[in-house]
Amino acid sequence: MSWFKREDNEIVNDSEKTVRTEGLWIRCPDCGKILFKAELEANQHVCWHCGHHFRIDARTRIENLLEPGYELVDLELRSTDPLNFTDLKPYKRRLAEAQTKTGLNDAIVNAIGQLGPHSVVLSVMEYAFIGGSMGAVVGETIARAVDRSLATRHPLIIIAASGGARMMEGIASLMQLAKISAGLARMDDAKIPYISVMTDPTTGGVTASFAMLGDLNIAEPGALIGFAGPRVIEQTIRQKLPEGFQRSEFLLEHGFLDAIVSRKEMKDYLSQTLSWMGA
């Protein structure tokens with residue numbers, strides 16, 4: 001037998017011994033470091049090298065902020081597609097796909113529970129549902145959160161993550177800006193605290209309405225916050241925008257925000273804030 005003769009032996013993978021690594025790692029878009037997903041989740045989806053805040057879903061945000069035993073409410077509302085709208089695909093199909101993807105009826109979740117020692121009403125937007133866009137269902141859900149706060153005198157916290165108004169619902173989506181703003185004005189008259197928390201991204205009609213109407217407006221680090229996107233603004237004014245324009249740090253420096261709070265400190269910060277606000 002030759003020493004250099006290759007034997008035709010088939011290599012067979014043993015499924016019990018195969019280690020699967022697909023999907024276990026993720027690259028940080030800011031610093032480029034490779035992160036182990038399990039460790040990232042344990043760190044509340046914040047890169048421990050550079051502090052980049054990854055986007056997270058509404059349910060995870062609620063779990064991070066409220067004590068065990070909270071209740072999800074107002075989940076039964078569903079869009080009726082008032083305009084029978086179709087662009088690249090029917091709006092009804094977009095809704096069905098988003099509902100299957102997220103397990104939600106629309107781009108928001110209301111919850112009631114305890115944030116530290118404080119009873120609160122929490123309304124959290126879901127960006128994975130058609131870009132967190134605000135249609136009639138999102139508007140009505142937030143309006144119901146406002147009504148709960150007025151009825152119980154519990155503080156309201158809204159966590160925004162949205163591309164703006166949902167134009168597939170036309171004027172019905174734009175009416176939500178005034179509807180929610182009017183409800184928040186009633187809360188202001190009743191001296192009930194409302195805190196707005198802006199995450200990446202918070203843009204369009206959401207920024208133009210409730211996201212900027214908080215008694216306290218705070219944001220996560222590095223969040224994109226504004227009405228129109230930077231590219232649209234550059235094309236309109238035909239000028240190059242400053243570095244970091246519309247990011248949390250830029251907006252805080254120019255008086256657009258009251259504070260920037262990291263995700264890991266958000267719960268304690270909100271609890272302390274509600275205490276000095278008299279909640």
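# A tour of the predicted chain

Start with the largest nonpolar core, a set of 34 residues in which Leu156, Leu184, Met187 and Phe210 touch the most other members. Keep in mind throughout that this is a predicted model. To see where the core comes from, colour the elements that give two or more residues to it: helices H3 (91-102), H4 (136-152), H5 (171-189) and H8 (248-253), together with strands E5 (118-125), E6 (156-162) and E7 (194-202). H4 supplies the largest share, five residues. In soluble globular proteins, nonpolar side chains tend to be buried together.

Next, select Met187 and show its surroundings. Beyond its neighbours within four places in sequence, Met187 is in contact with Val146, Ser149, Leu150 and Leu156, and also with Ile192, Pro193 and Tyr194. Leu156 is, like Met187, among the residues that touch the most other members of the core.

Now hide that set and pick Ile62, Ile195, Val197 and Val261. These belong to a second, separate core, which has 22 residues.

**Arg61**

Move to helix H2, residues 58-65, and select Arg61 within it. Is Arg61 buried or exposed? Its relative accessible area is 7%, under the 20% cut-off, so Arg61 counts as buried. Leaving out residues up to four places away in sequence, Arg61 touches Ile56, Val124, Ile159, Thr199, Glu220 and Arg263. Displaying these six side chains with Arg61 shows a charged residue, Glu220, and a second arginine, Arg263, in the list of contacts.

**The 28-50 span**

Select residues 28-50. The unreviewed UniProt entry places the feature "zinc finger region: C4-type" here. In the model the span is 26% helix and 13% strand, and its end C-alpha atoms lie 9 Å apart.

**Backbone points to inspect**

Go to strand E7, where Pro201 is found. The peptide bond that joins Asp200 and Pro201 is cis, with omega of about -10°.

Then follow the chain to the loop between helix H7 (230-237) and H8, and stop at Arg238. This residue is not a glycine, yet it has a positive phi of about 55°. The relative accessible area of Arg238 is 74%, over the 50% cut-off, so the residue is exposed.

Stay in the loop between H7 and H8 and select Gln246. Phi is positive for Gln246 as well, near 70°, and this residue too is other than glycine. Is Gln246 buried or exposed? With a relative accessible area of 6%, Gln246 is buried.

**Zooming out**

Return to the full chain and show it as a cartoon, which has nine helices and nine strands. Along the principal axes, the C-alpha atoms fill a box of roughly 95 × 50 × 45 Å. Of the 279 residues, 44% are buried. Switch to a surface: the chain exposes about 15,300 Å², and carbon and sulfur atoms supply 52% of that area.

A contact map adds one figure to the picture. Among contacts between residues at least 6 apart in sequence, 65% join residues at least 24 apart.

Last, colour by charge. The chain carries 30 positive and 35 negative charges, and the mean positions of the two sets are 4 Å apart.

Methods: Residues numbered from 1 in each chain as written. Predicted model: local features only at pLDDT ≥ 70, side-chain atom pairs only at ≥ 80, totals over all residues. Heavy atoms only, no water. Helix = DSSP H or I, 4+ residues; strand = E, 2+ residues; numbered from the N terminus. Buried < 20%, exposed > 50% of the residue type's maximum accessible area, 1.4 Å probe, protein only. Contact = heavy atoms within 4.5 Å. Areas by Shrake-Rupley, 256 points an atom, 1.4 Å probe, with all protein chains shown as cover. Lys, Arg positive; Asp, Glu negative; His and termini not counted. Charge placed at Lys NZ, Arg CZ, Asp CG, Glu CD. Core = buried A, V, L, I, M, F, W, Y, C linked by side-chain atoms within 4.5 Å. UniProt positions renumbered as here; feature names shortened; annotations may be inferred.
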